[in-house]
2 protein chains.
Amino acid sequence: MDAPRSSVTRSDPEAVDRAGWNRACLLPRELPRPRVNALSNTYATVTGLRPPVHEGMVGRLSTPTVYDVAERSGVSIATVSRVYRNPDSVRAQTRDKVLHAARELGYFPSGNARGLASRTTGVLGLCFPDYADPDAEADGADGDDSAVMLYSDQIIRGMERAARRHGYALLIAASLEGGPQTLVEQVAGRVDGFAVLARTIPTEDLEIISRRLPVVMLAGPREIDHLDHIEVANFDGERELTRHLIADHGLRRLAFVGGEIDSPDAEARFGGFRAACQEADLPVPDEPTIRASMMTQAEGARAAEALLDRGGAHPQGVLFANDQMAVGALHALESRGVRVPRDIAVTGFDGIPLSRIVRPALTTVRQPMRRLGEEAVDLLVRRLGDRSREPVSLMLPVSVTRRASCGCVGEARQL
Amino acid sequence: MDAPRSSVTRSDPEAVDRAGWNRACLLPRELPRPRVNALSNTYATVTGLRPPVHEGMVGRLSTPTVYDVAERSGVSIATVSRVYRNPDSVRAQTRDKVLHAARELGYFPSGNARGLASRTTGVLGLCFPDYADPDAEADGADGDDSAVMLYSDQIIRGMERAARRHGYALLIAASLEGGPQTLVEQVAGRVDGFAVLARTIPTEDLEIISRRLPVVMLAGPREIDHLDHIEVANFDGERELTRHLIADHGLRRLAFVGGEIDSPDAEARFGGFRAACQEADLPVPDEPTIRASMMTQAEGARAAEALLDRGGAHPQGVLFANDQMAVGALHALESRGVRVPRDIAVTGFDGIPLSRIVRPALTTVRQPMRRLGEEAVDLLVRRLGDRSREPVSLMLPVSVTRRASCGCVGEARQL
DNA sequence: GCGCTGCCTGTAAGCGCATACATCACCCTG
DNA sequence: CAGGGTGATGTATGCGCTTACAGGCAGCGC
C-alpha cells in the first residue's frame, strides 16, 4: 500500500506516521515540545476511535504547525517563522531545508495566529448597508444579473483592486439582521482598517472602533471629524442636472422626490436642486415634493403615482434622489400611460448599470464608485503608515449623464 | 476638564487612568494579571515620551481586552468571554455588569484571538483570477463603471449574500503578482472554507489546502475529485447557441474562436460547437478556428481581423468562447467596415453586463453567476457542518440570450 | 591570542480569547 | 443535617505564531 503522499487517509494511521505527523503518542519526540495541542491531533491513534469518515474521503489530518515544520527540518520554530516573515535573515541552506519540510507537510501559516502575534491582519474591510431590492432581484432572476449590480458592487471592485495593489485582501460584509453588533465583531476584529458606507454602523460604534483602527467613511457627511472621509459632489451634481432640465429642455414645473430624511446624500441632492431653482427664479421648495425610501423601485413607483394623483397639472420633470426610485417610476409611468420623456422628464442619481438598461435610458448623475473604493483604500493604507496624519476629507466629482429619459434623445453610441 | 468619554486623548494621561486603562505602571493592580502586554500599552505614561500626535487627533489608546473588561467589571476573563459566546450561561446581572464595562472601555473582541482559540473564523473566502482588462478599463474611465463589471463581480455578490444569510463574512482576493503563494497565505489562513475559480490556484496547492479546510471549485473541470465542485453547462450552452445560428439563421460557414488551450471552459464550449456542427452535418473542426486569450477585448479584435485576413470567403458567423473577446471583435469588425449581423453574425458566452450594452447587443449564453456564488456558499456551509459528506458536483444550467448580434433583431424590451 | 563584531539561530515570552475542569454557593431530598 | 445535584463563576492552559533577547561561532584587527 504505497499511497501517494497526497492521499494519506485517516483510516491508515501508519501513513500518518510516514508523513511524520504523528506526534500524539510519542510526545515528546526529539525536541521537547512545550505544547499539548498534539494530544488532540491525530485523534484516531489516541483514542482508538475514529470519526465517521466516509469511504474514500481524504482524511483531514491535523493542521501542521511551525512546530512540525521545525521538528522535521531540524531547526527552531523561530527560524521557521523567519523563513516566512523575513527570508533574508536566514541562511539560504537553512531556508531551503525549512521550505522543503513545509512543503512535505503541507504546512501553511495560520492567519489567526499570525494576526494575534503580530497585531496585523493584511486585510482591509468594507461594511455596507444591504441595498438589496427585491424588485430588481426579481427582474434579475429571469433576466440578467447585471440588473442587480448596485452601488456597493462597484465600490467593492474598486477596493479589491486597490487593496490588492497594496498587498491586502478585502473582507466585505453587509449589515446583518443581527444588528450592527455582529457586523462590528465580524469585521472590526479581523481587519487592519476598513471603509464604511454611510448609515451602516451607528456613529457611536464607529467612534469606538476608530479608536482602534483606521476607518474611512464613504458617501454621506463627515459624521466624525477625526476620520478620513470621502464623499461625492451630490449638491453640485444635482444642481447641474437641474440646470440642464431648466436651461436645455425649458422645463419649469419640476418635482423632486427625496429619500429618507436621514439620508444626507438625498438631502444634499435636494440642496442642489433648490440651488438651481433659485438661480432660475423658480419656486424654491423647502421640502422635497415627496419623500420615499431609496431602497426599492416599488417606492419610486409609488412616488410617481402619488405625483400623478395630486390633481392639478403634473410636473414637467421629476428628479429622483436616486436611480432605483427613478427606474421604479419609469415602470409606473408607463403603466399609467404617461410617456417619458414626452409627457414628463425623469432623472435619477448614481449611474447604476440598470439606469442604462431601462427604456427609456435614464438620465442620471454618475458617481465614480469604483474610484470611491480605490481612494478609500489609499486613505486607509496611508493612515496605517502614519496614524498621526491629518484626517482628510475628499470630495469626488460627479458627471451628468444625459440619456433619453430627460429628452436628450439618442444616447451617444457606446464603444 | 471634563472630557466626554469618547475623546480620551493620549496627551491626557489622567484621562487614561479615569478610563481605567492605565495598567502600565501599576501592574499588578487588583487581580494578578498573568500578562505583560500591558507594558507596551499606554506608552505615553511609561516612557514619558509620546508619539507624534497631531493636534486634535483623538489618541488611539491601547486596545482593551477581556482582561480589562474583567477587571473593570469585577469578574474573571472566562465570564467575559462567556458573555459574548454564550450569554445564557451567565447570570443576567453579571452579564449586564460586563457589557456595561465593555461599553465604557470600547471593548470589542479580537477576531484573531477568537479564531486562534476556537479554530474558526466566521469568514468564507473567494479566490479568483485577475480578469482585469485594460481595454474595458479604459472604456470605463470616461464612461461607465458597469462596463467593467465582470464575471467575478457577480459571483462575489452571490457569495456575499449567501454568506451573510449564514452568518459569515466574505474575504475576497484576486490572484496576486506575488504568485499563488501569497494568495494562499492571505486567504487560506483566514477563512473557514473558500471557493476558487478555476485556474486561480495550482491544483497541487489546492490539494494541500483542502486537507485543512473545505474548498469548492467553481467553473472548470473537477480537478480534484474529493472536492465539492460547481460548473456551468458550457457544452450544452454552446451547442444550443450553435444550433440557433444554424437552424434559425441558416448559417453554415461558422468559425469558433477558442481560448487558451488550458481553459477547460473554452474547450467545453468548443465541444458544444462541434456537437452542433456534427448534428447539422457541417464540417466538424478538430481545433478552434483561432485561439486567443480570453482576458482582453484586444485579443478578440485581433482574432476577428485574423479571420478577415485569411483569404477566401469569410465565415457567416463567428462564435467566441467568451463575451470579452466578442466585444473586442465587434469593435474590430466595425472599424473594418464589416456589418454585424448583416455581414457576419457574432456571439459570445458569459452574459456579462457589457454584452448588453454594446451595439449591436451581443447574443450570448448567460451563466447564472450569482447563483454560482450562492451555491458555492451553500456547499461550503454544508461541508462545514459535516466534513464527511459525499463530495458533490453540480452543473448549473445556462440560457441562450438572443440579441442583435446574431440577427435576432430587437432585443426584448427590458423592464 | 584575545576581545570584538556580525551573522545566524535558538529560547522564551507573550498576543487575546475559549474552554475543560475545578470550585463554590445554594437548594433539595430524605 | 448529610449527601448530592445544579448553576454560576474562576483557574489554568493552549491555540500557532512573532519577536526581543541571548547565545554561538567565525572572521577580524591589533
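## A charge over a ring

A charge is said to sit over a ring if NZ of Lys or CZ of Arg is within 6 Å of the ring centre and within 35 degrees of the ring normal. In this predicted model, A:R212 fits that description: it lies over the face of B:F108, at 3.8 Å from the ring centre. So here an arginine of chain A meets a phenylalanine of chain B.

There's another case inside chain B. The charged end of B:R269 sits over the ring of B:F349, 3.9 Å from its centre.

## Chain A at a glance

Let's step back and look at chain A as a whole. Its secondary structure comes to 16 helices and twelve strands. Of its 415 residues, 57% are buried. Take the contacts in chain A with a separation of 6 or more: residues 24 or more positions apart account for 68% of them. As for the outside, chain A exposes about 16900 Å², and carbon and sulfur atoms supply 50% of that.

## One sheet, two chains

Now for the sheet. Strands of a sheet pair through backbone hydrogen bonds, either parallel or antiparallel. Here, twelve strands form an open sheet with mixed pairing, and the order is β11(A)-β5(A)-β4(A)-β3(A)-β1(A)-β2(A)-β2(B)-β1(B)-β3(B)-β4(B)-β5(B)-β11(B). At the edges stand β11 (393–396) of chain A and β11 (393–396) of chain B; each has a single partner strand, so one side of each is left without a neighbour in the sheet. On average, and ignoring direction, neighbouring strands are turned by 20° against each other.

Where do the chains join up in this sheet? Look at β2(A)-β2(B) in the strand order. Strand β2 (residues 169–174) of chain A pairs with strand β2 (residues 169–174) of chain B in the antiparallel sense, over three bridges. At this join, A:I172 stands opposite B:L170 in β2(B). Over in chain B, helix α10 (residues 203–212) packs on the sheet and touches β3 (193–197) and β4 (215–218) of chain B, with its direction making about 140° with that of β4(B).

## Around strand β5 of chain A

Follow the sheet towards its chain A edge and you'll come to β5(A), which sits between β11(A) and β4(A). It pairs with β4(A) in the parallel sense over three bridges, and A:H229 in β5(A) is the bridge partner of A:M217. With β11(A), the pairing is also in the parallel sense, over four bridges; there, A:E231 stands opposite A:M395.

Four of the five residues of β5(A) are buried, so the strand is largely enclosed by the rest of the structure. Helix α16 (residues 369–385) of chain A lies across β1 (123–128), β3 (193–197), β4 (215–218), β5 (228–232) and β11 of chain A, running at about 165° to β5(A).

## Aromatic pairs

Over all chains, the structure holds eight aromatic pairs. One of them is A:F256 with A:F270: the ring centres are 5.2 Å apart and the planes are at 45°, so the pair is tilted. A:F256 lies in strand β6 (residues 254–258) and A:F270 in helix α12 (residues 264–279), both of chain A, so the pair ties together parts that are 14 residues apart in sequence. Both residues are buried, and with A:F273 they form one aromatic cluster.

In chain B, B:F270 and B:F273 make a stacked pair, 6.2 Å centre to centre with 20° between the planes. Both lie in helix α12 (residues 264–279) of chain B, three residues apart, about one turn of the helix. B:F270 is buried, with a relative accessible area of 5%, and B:F273 is buried too, at 2%.

Terms used: Residues numbered from 1 in each chain as written. Chains lettered and ligands numbered in written order. Predicted model: local features only at pLDDT ≥ 70, side-chain atom pairs only at ≥ 80, totals over all residues. Heavy atoms only, no water. Pairing = 2+ DSSP bridges. Helix = DSSP H or I, 4+ residues; strand = E, 2+ residues; numbered from the N terminus. Axes fitted to C-alpha atoms, helices over the stretch in contact; angles between N-to-C directions. Contact = heavy atoms within 4.5 Å. Phe/Tyr/Trp six-rings, centres within 6.5 Å; stacked < 30°, edge-to-face > 60°. Buried < 20%, exposed > 50% of the residue type's maximum accessible area, 1.4 Å probe, protein only. Areas by Shrake-Rupley, 256 points an atom, 1.4 Å probe, with all protein chains shown as cover.
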